[in-house]
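Open the model in your viewer and keep the sequence panel visible. The stops below are given in the order in which to select them.

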Amino acid sequence: MKFSTRLIKWYKNQNILMPWRGEKDLYKIWLSEVMLQQTQVKTVIPYYKNWINKFPNIKSAALASEKEILKAWEGLGYYSRARNFQHACKNIVSDYNGEIPLNEIEFLKLKGVGEYILSAVFSIGLGKKLPVIDGNVKRVISRYLGLTNEINSELKNIKSFLDIKIKDVKIPGDFNQAMMDLGRIVCKPKNPNCDICPININCVAFKQGLTQLIPIKLKKKQIPHYKMIIGIIQNNDKFLICKRNSDGLLGGMWELPGGKIKKQESNSTALNRVFSDFGISLKSNSYIGTANHIYSHFSIEQHGYQCDYIKGNLISKNHTEYKWISKGEEVLFPIHKASHKLLAKLKVNYT
Ligand code: SF4
(Lines give C-alpha, C1' and ligand atoms only; values in the text may rest on other atoms or scores of the structure.)
Protein backbone atom coordinates (compact mmCIF):
# COMPACT_ATOMS: atom_id res chain seq x y z
CA MET A 1 0.00 0.00 0.00
CA LYS A 2 1.21 3.51 -0.82
CA PHE A 3 2.25 6.07 1.81
CA SER A 4 -0.77 8.30 1.02
CA THR A 5 -3.24 5.40 1.03
CA ARG A 6 -2.06 4.20 4.44
CA LEU A 7 -2.18 7.69 5.82
CA ILE A 8 -5.68 8.50 4.56
CA LYS A 9 -7.04 5.13 5.70
CA TRP A 10 -5.71 5.80 9.19
CA TYR A 11 -7.15 9.34 9.16
CA LYS A 12 -10.60 8.08 8.18
CA ASN A 13 -10.54 5.38 10.87
CA GLN A 14 -9.57 7.90 13.53
CA ASN A 15 -12.50 10.13 12.56
CA ILE A 16 -11.38 12.84 14.97
CA LEU A 17 -14.10 15.41 15.44
CA MET A 18 -13.28 19.09 15.58
CA PRO A 19 -15.77 21.93 15.07
CA TRP A 20 -14.04 22.99 11.84
CA ARG A 21 -13.62 19.48 10.37
CA GLY A 22 -15.74 19.03 7.25
CA GLU A 23 -16.17 22.81 7.01
CA LYS A 24 -16.22 24.28 3.52
CA ASP A 25 -16.58 27.94 4.46
CA LEU A 26 -13.13 29.40 3.73
CA TYR A 27 -13.51 32.04 6.43
CA LYS A 28 -14.04 29.39 9.11
CA ILE A 29 -11.24 27.15 7.83
CA TRP A 30 -8.90 30.13 7.74
CA LEU A 31 -9.88 31.22 11.26
CA SER A 32 -9.30 27.73 12.65
CA GLU A 33 -5.85 27.56 11.06
CA VAL A 34 -4.88 30.97 12.41
CA MET A 35 -6.01 29.96 15.90
CA LEU A 36 -4.20 26.61 15.67
CA GLN A 37 -0.82 28.19 14.99
CA GLN A 38 1.33 27.64 18.11
CA THR A 39 -1.76 26.50 20.00
CA GLN A 40 -3.21 23.12 20.95
CA VAL A 41 -6.48 21.87 19.48
CA LYS A 42 -8.24 21.54 22.84
CA THR A 43 -7.36 25.14 23.72
CA VAL A 44 -8.63 26.43 20.38
CA ILE A 45 -12.05 24.71 20.35
CA PRO A 46 -13.91 27.04 22.80
CA TYR A 47 -12.29 30.12 21.28
CA TYR A 48 -13.28 29.03 17.79
CA LYS A 49 -16.90 28.40 18.80
CA ASN A 50 -17.16 31.70 20.65
CA TRP A 51 -15.61 33.61 17.74
CA ILE A 52 -17.97 32.07 15.18
CA ASN A 53 -20.93 33.00 17.42
CA LYS A 54 -19.77 36.58 17.66
CA PHE A 55 -18.32 37.04 14.18
CA PRO A 56 -19.90 34.46 11.86
CA ASN A 57 -18.47 35.91 8.66
CA ILE A 58 -15.84 38.19 7.15
CA LYS A 59 -18.03 41.27 7.37
CA SER A 60 -18.82 40.88 11.07
CA ALA A 61 -15.13 40.37 11.88
CA ALA A 62 -14.20 43.40 9.77
CA LEU A 63 -16.77 45.64 11.47
CA ALA A 64 -15.94 44.63 15.05
CA SER A 65 -13.99 47.03 17.27
CA GLU A 66 -10.38 46.22 18.17
CA LYS A 67 -11.55 45.75 21.76
CA GLU A 68 -14.17 43.15 20.74
CA ILE A 69 -11.61 41.30 18.61
CA LEU A 70 -8.98 41.20 21.33
CA LYS A 71 -11.54 40.26 23.98
CA ALA A 72 -12.56 37.25 21.88
CA TRP A 73 -8.86 36.30 21.61
CA GLU A 74 -8.04 37.02 25.27
CA GLY A 75 -5.95 34.19 26.73
CA LEU A 76 -5.11 32.60 23.38
CA GLY A 77 -1.85 34.58 23.11
CA TYR A 78 0.08 35.80 20.05
CA TYR A 79 -2.42 38.63 19.67
CA SER A 80 -0.92 39.85 16.41
CA ARG A 81 -2.71 36.84 14.86
CA ALA A 82 -6.07 38.37 15.79
CA ARG A 83 -5.12 41.86 14.67
CA ASN A 84 -3.73 40.58 11.36
CA PHE A 85 -6.80 38.41 10.78
CA GLN A 86 -9.11 41.36 11.30
CA HIS A 87 -6.90 43.56 9.11
CA ALA A 88 -7.19 40.94 6.34
CA CYS A 89 -10.99 40.75 6.77
CA LYS A 90 -11.23 44.54 6.47
CA ASN A 91 -9.10 44.35 3.34
CA ILE A 92 -11.37 41.72 1.84
CA VAL A 93 -14.43 43.86 2.51
CA SER A 94 -12.87 47.00 1.04
CA ASP A 95 -10.89 45.54 -1.89
CA TYR A 96 -12.50 42.20 -2.74
CA ASN A 97 -16.18 42.92 -2.28
CA GLY A 98 -16.26 40.80 0.88
CA GLU A 99 -15.17 37.61 -0.92
CA ILE A 100 -11.93 35.83 -0.02
CA PRO A 101 -9.69 35.98 -3.11
CA LEU A 102 -9.36 32.53 -4.67
CA ASN A 103 -6.15 33.45 -6.40
CA GLU A 104 -3.07 32.28 -4.47
CA ILE A 105 -1.04 35.42 -5.11
CA GLU A 106 -3.89 37.69 -4.04
CA PHE A 107 -4.61 35.62 -0.93
CA LEU A 108 -0.92 35.74 0.04
CA LYS A 109 -1.04 39.54 -0.03
CA LEU A 110 -3.41 39.60 2.96
CA LYS A 111 -1.90 40.40 6.34
CA GLY A 112 -0.89 37.32 8.32
CA VAL A 113 -1.25 34.96 5.35
CA GLY A 114 1.88 32.96 4.57
CA GLU A 115 2.60 29.68 2.81
CA TYR A 116 1.24 27.62 5.68
CA ILE A 117 -2.16 29.37 5.86
CA LEU A 118 -2.41 29.41 2.06
CA SER A 119 -1.80 25.66 1.80
CA ALA A 120 -4.12 24.79 4.67
CA VAL A 121 -7.04 26.96 3.52
CA PHE A 122 -6.75 26.22 -0.19
CA SER A 123 -6.25 22.47 0.25
CA ILE A 124 -9.06 21.99 2.78
CA GLY A 125 -11.49 24.50 1.27
CA LEU A 126 -10.69 24.34 -2.43
CA GLY A 127 -9.05 20.95 -2.92
CA LYS A 128 -5.72 22.42 -4.10
CA LYS A 129 -2.77 20.05 -3.93
CA LEU A 130 -0.64 22.22 -1.66
CA PRO A 131 1.04 20.40 1.24
CA VAL A 132 1.13 22.10 4.63
CA ILE A 133 4.41 22.09 6.48
CA ASP A 134 4.32 22.88 10.17
CA GLY A 135 6.46 21.65 13.04
CA ASN A 136 4.51 18.39 13.33
CA VAL A 137 4.76 17.62 9.63
CA LYS A 138 8.48 18.41 9.56
CA ARG A 139 9.06 15.98 12.41
CA VAL A 140 7.07 13.14 10.81
CA ILE A 141 8.76 13.43 7.42
CA SER A 142 12.27 13.93 8.74
CA ARG A 143 11.85 10.72 10.74
CA TYR A 144 10.15 8.86 7.92
CA LEU A 145 12.94 9.74 5.49
CA GLY A 146 15.69 9.48 8.13
CA LEU A 147 16.93 13.04 7.52
CA THR A 148 19.97 13.63 9.70
CA ASN A 149 20.73 17.26 8.94
CA GLU A 150 19.30 20.10 10.98
CA ILE A 151 15.55 20.01 10.34
CA ASN A 152 15.19 23.45 8.79
CA SER A 153 18.01 22.79 6.33
CA GLU A 154 15.95 19.79 5.12
CA LEU A 155 12.88 21.86 4.23
CA LYS A 156 13.37 21.49 0.49
CA ASN A 157 13.59 17.69 0.79
CA ILE A 158 10.51 17.57 3.00
CA LYS A 159 8.56 19.78 0.60
CA SER A 160 9.59 17.77 -2.51
CA PHE A 161 8.51 14.56 -0.80
CA LEU A 162 5.11 15.98 0.17
CA ASP A 163 4.59 17.63 -3.23
CA ILE A 164 4.83 14.17 -4.78
CA LYS A 165 2.73 12.34 -2.18
CA ILE A 166 -0.14 14.83 -2.19
CA LYS A 167 -0.54 14.28 -5.93
CA ASP A 168 -1.64 10.69 -5.21
CA VAL A 169 -4.74 11.70 -3.26
CA LYS A 170 -8.23 12.75 -4.26
CA ILE A 171 -8.84 14.96 -1.22
CA PRO A 172 -5.69 16.97 -0.45
CA GLY A 173 -7.31 18.59 2.59
CA ASP A 174 -7.63 15.14 4.18
CA PHE A 175 -3.99 14.40 3.37
CA ASN A 176 -2.83 17.57 5.09
CA GLN A 177 -5.07 17.10 8.11
CA ALA A 178 -3.93 13.49 8.37
CA MET A 179 -0.27 14.57 8.38
CA MET A 180 -0.94 17.10 11.12
CA ASP A 181 -2.95 14.60 13.19
CA LEU A 182 -0.27 11.97 12.83
CA GLY A 183 2.39 14.36 14.11
CA ARG A 184 0.21 15.48 16.99
CA ILE A 185 -1.13 12.12 18.12
CA VAL A 186 1.33 9.42 17.05
CA CYS A 187 4.69 10.80 15.94
CA LYS A 188 5.09 12.91 19.06
CA PRO A 189 8.29 14.82 19.79
CA LYS A 190 9.20 12.47 22.64
CA ASN A 191 8.34 8.77 22.56
CA PRO A 192 6.55 8.42 19.22
CA ASN A 193 4.04 5.59 19.20
CA CYS A 194 5.63 3.78 16.24
CA ASP A 195 3.88 0.46 16.88
CA ILE A 196 0.53 1.90 15.88
CA CYS A 197 1.82 4.27 13.20
CA PRO A 198 0.23 3.69 9.77
CA ILE A 199 3.48 4.48 7.93
CA ASN A 200 5.91 2.57 10.16
CA ILE A 201 6.59 -0.06 7.49
CA ASN A 202 8.94 2.23 5.55
CA CYS A 203 9.94 4.65 8.28
CA VAL A 204 13.74 4.93 8.39
CA ALA A 205 13.95 6.36 11.91
CA PHE A 206 11.75 3.56 13.25
CA LYS A 207 13.61 0.79 11.44
CA GLN A 208 17.03 2.13 12.38
CA GLY A 209 16.18 3.10 15.95
CA LEU A 210 16.74 6.82 15.29
CA THR A 211 13.47 8.24 16.60
CA GLN A 212 15.15 9.84 19.62
CA LEU A 213 17.79 11.45 17.40
CA ILE A 214 15.61 12.79 14.58
CA PRO A 215 14.61 15.55 14.04
CA ILE A 216 17.94 17.26 14.54
CA LYS A 217 17.39 20.73 15.93
CA LEU A 218 19.71 23.59 16.78
CA LYS A 219 19.99 24.09 20.51
CA LYS A 220 17.51 26.72 21.66
CA LYS A 221 19.09 29.92 22.90
CA GLN A 222 18.29 30.68 26.49
CA ILE A 223 15.68 33.42 26.59
CA PRO A 224 16.22 36.48 28.81
CA HIS A 225 14.40 36.69 32.11
CA TYR A 226 13.20 40.01 33.52
CA LYS A 227 11.98 40.98 36.96
CA MET A 228 9.07 43.38 36.85
CA ILE A 229 7.35 45.58 39.38
CA ILE A 230 3.60 45.80 38.86
CA GLY A 231 1.19 48.10 40.66
CA ILE A 232 -2.43 47.46 41.43
CA ILE A 233 -3.05 51.13 42.02
CA GLN A 234 -6.23 51.93 43.86
CA ASN A 235 -8.13 55.17 44.04
CA ASN A 236 -11.19 54.87 46.27
CA ASP A 237 -12.90 51.71 44.99
CA LYS A 238 -11.25 51.68 41.58
CA PHE A 239 -7.94 50.45 40.19
CA LEU A 240 -5.92 51.50 37.18
CA ILE A 241 -5.52 49.60 33.92
CA CYS A 242 -3.68 50.75 30.79
CA LYS A 243 -4.01 49.94 27.10
CA ARG A 244 -0.80 48.99 25.32
CA ASN A 245 0.23 50.68 22.06
CA SER A 246 -1.25 48.99 19.01
CA ASP A 247 2.06 47.95 17.50
CA GLY A 248 4.42 45.60 19.24
CA LEU A 249 4.00 42.83 21.77
CA LEU A 250 0.45 42.48 23.15
CA GLY A 251 -0.61 45.50 21.07
CA GLY A 252 -4.03 46.86 22.03
CA MET A 253 -4.30 44.65 25.13
CA TRP A 254 -4.98 46.12 28.57
CA GLU A 255 -2.76 45.50 31.58
CA LEU A 256 -1.76 46.52 35.07
CA PRO A 257 0.95 49.17 34.86
CA GLY A 258 4.55 48.43 35.80
CA GLY A 259 8.12 48.24 34.59
CA LYS A 260 11.40 46.34 34.79
CA ILE A 261 13.34 46.15 38.04
CA LYS A 262 16.98 47.12 37.46
CA LYS A 263 19.84 44.91 38.58
CA GLN A 264 20.61 45.37 42.30
CA GLU A 265 17.46 47.48 42.72
CA SER A 266 15.09 46.70 45.59
CA ASN A 267 11.41 46.22 44.87
CA SER A 268 10.41 49.35 46.76
CA THR A 269 12.99 51.51 44.95
CA ALA A 270 11.82 50.08 41.61
CA LEU A 271 8.19 50.74 42.50
CA ASN A 272 8.86 54.39 43.30
CA ARG A 273 11.13 54.90 40.28
CA VAL A 274 8.77 53.25 37.75
CA PHE A 275 5.71 55.15 38.89
CA SER A 276 7.42 58.51 39.38
CA ASP A 277 8.67 58.09 35.76
CA PHE A 278 5.01 57.60 34.87
CA GLY A 279 4.24 60.90 36.63
CA ILE A 280 2.24 59.58 39.56
CA SER A 281 2.94 59.30 43.22
CA LEU A 282 1.54 56.53 45.32
CA LYS A 283 1.85 54.77 48.63
CA SER A 284 2.62 51.08 48.65
CA ASN A 285 0.34 49.12 50.95
CA SER A 286 1.05 45.47 50.56
CA TYR A 287 2.77 42.83 48.53
CA ILE A 288 0.25 40.82 46.47
CA GLY A 289 2.64 38.10 45.37
CA THR A 290 4.77 36.94 42.47
CA ALA A 291 3.49 35.64 39.14
CA ASN A 292 5.71 34.25 36.40
CA HIS A 293 4.89 34.26 32.72
CA ILE A 294 6.73 33.00 29.65
CA TYR A 295 6.55 34.63 26.22
CA SER A 296 8.20 33.24 23.12
CA HIS A 297 11.33 35.39 23.43
CA PHE A 298 11.60 36.18 27.13
CA SER A 299 10.15 35.37 30.51
CA ILE A 300 9.03 37.63 33.35
CA GLU A 301 8.72 37.43 37.08
CA GLN A 302 6.11 39.94 38.20
CA HIS A 303 6.19 41.33 41.72
CA GLY A 304 2.77 42.79 42.43
CA TYR A 305 2.04 45.55 44.95
CA GLN A 306 -1.26 46.97 46.01
CA CYS A 307 -0.81 50.74 46.20
CA ASP A 308 -2.87 53.81 47.02
CA TYR A 309 -2.90 56.55 44.41
CA ILE A 310 -1.90 59.95 45.77
CA LYS A 311 -1.61 62.33 42.80
CA GLY A 312 -0.54 62.81 39.17
CA ASN A 313 -1.65 61.70 35.70
CA LEU A 314 -0.11 58.57 34.31
CA ILE A 315 1.88 59.25 31.16
CA SER A 316 3.61 56.29 29.55
CA LYS A 317 5.16 55.82 26.13
CA ASN A 318 3.96 52.20 26.15
CA HIS A 319 0.26 52.99 26.52
CA THR A 320 -2.43 54.91 24.69
CA GLU A 321 -5.32 54.86 27.18
CA TYR A 322 -5.80 54.63 30.94
CA LYS A 323 -8.92 53.74 32.89
CA TRP A 324 -9.93 53.52 36.52
CA ILE A 325 -12.22 50.54 36.82
CA SER A 326 -14.15 48.89 39.62
CA LYS A 327 -13.44 45.33 40.72
CA GLY A 328 -15.29 43.00 38.36
CA GLU A 329 -15.22 45.46 35.45
CA GLU A 330 -12.00 43.90 34.16
CA VAL A 331 -14.12 41.28 32.38
CA LEU A 332 -15.15 44.01 29.94
CA PHE A 333 -11.56 44.58 28.76
CA PRO A 334 -9.14 42.34 26.86
CA ILE A 335 -6.46 41.88 29.52
CA HIS A 336 -3.38 39.78 28.86
CA LYS A 337 -2.60 36.65 30.83
CA ALA A 338 0.33 38.01 32.84
CA SER A 339 -1.89 40.72 34.35
CA HIS A 340 -4.69 38.21 34.91
CA LYS A 341 -2.30 36.11 36.99
CA LEU A 342 -1.75 39.02 39.39
CA LEU A 343 -5.43 39.96 39.44
CA ALA A 344 -6.19 36.38 40.43
CA LYS A 345 -3.78 36.72 43.37
CA LEU A 346 -5.50 39.90 44.42
CA LYS A 347 -8.84 38.09 44.44
CA VAL A 348 -7.48 35.20 46.50
CA ASN A 349 -5.89 37.51 49.07
CA TYR A 350 -8.50 40.21 49.40
CA THR A 351 -11.96 38.78 48.83
S1 SF4 B 1 7.03 5.04 12.59
FE2 SF4 B 1 7.40 6.25 14.41
S3 SF4 B 1 8.95 7.73 13.84
FE4 SF4 B 1 8.15 6.86 11.96
S5 SF4 B 1 6.58 8.31 11.34
FE6 SF4 B 1 5.58 6.71 12.53
S7 SF4 B 1 5.56 7.46 14.62
FE8 SF4 B 1 7.00 8.71 13.49
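**First stop: a helix pair**

Select Ser119, Ala120, Ser123 and Ile124 in H8, then add Pro172, Gly173, Asn176 and Gln177 in H11; these two groups meet. Contact here is two residues with their C-beta atoms, placed from the backbone, within 7 Å. The contact of H8 with H11 divides into 3 nonpolar, 5 polar and no charged residues. Nonpolar covers Ala, Val, Leu, Ile, Met, Phe, Trp, Tyr, Cys and Pro; charged covers Asp, Glu, Lys and Arg; the others, Gly among them, are polar.

This is a predicted model, in which local features need pLDDT of at least 70, side-chain atom pairs count only at pLDDT 80 or more, and totals for chains, interfaces and linings use all residues. Residues are numbered from 1 along each chain as its sequence is written.

Now show H8 (residues 115-126) and H11 (residues 172-186) in full: they pack at an angle of about 130°, with their axes 6 Å apart. Axes are lines fitted to C-alpha atoms, for helices over the stretch in contact, and angles run from 0 to 180 degrees between N-to-C directions. H8 and H11 are therefore oblique to each other (under 35 degrees is roughly parallel, over 145 roughly antiparallel, 65 to 115 roughly perpendicular, the rest oblique). Their crossing is left-handed, meaning that the near helix is turned anticlockwise from the far one by less than a right angle.

**Second stop: H9**

Select residues 135-145, helix H9, where 8 of 11 residues are buried (20 or more other C-beta atoms within 10 Å of the residue's own, C-beta atoms being placed from the backbone). Among the buried ones are Val137, Lys138, Arg139 and Tyr144. The buried residues of H9 pack against H10 (155-167), H11 and H12 (204-207). Just after H9, look at Gly146, which has a positive phi of about 70°.

**Third stop: the ligand**

Which residues are closest to the ligand? They are Cys187, Cys194, Cys197, Asn200 and Cys203, out of 14 that surround the ligand (C-beta atom, placed from the backbone, within 6 Å). H9 and H12 are the elements that give two or more residues to this shell, and H9 gives the most, with 3. By class, the shell has 11 nonpolar, 2 polar and 1 charged residues.

**Last stop: the whole chain**

Zoom out to the protein chain, with its 14 helices and 7 strands (DSSP runs numbered from the N terminus: helices H or I, at least four residues; strands E, at least two). Of its 351 residues, 34% are buried.

Note on methods. A residue is buried if 20 or more other C-beta atoms lie within 10 Å of its own, exposed if 12 or fewer, and partly exposed in between; C-beta atoms are placed from the backbone.
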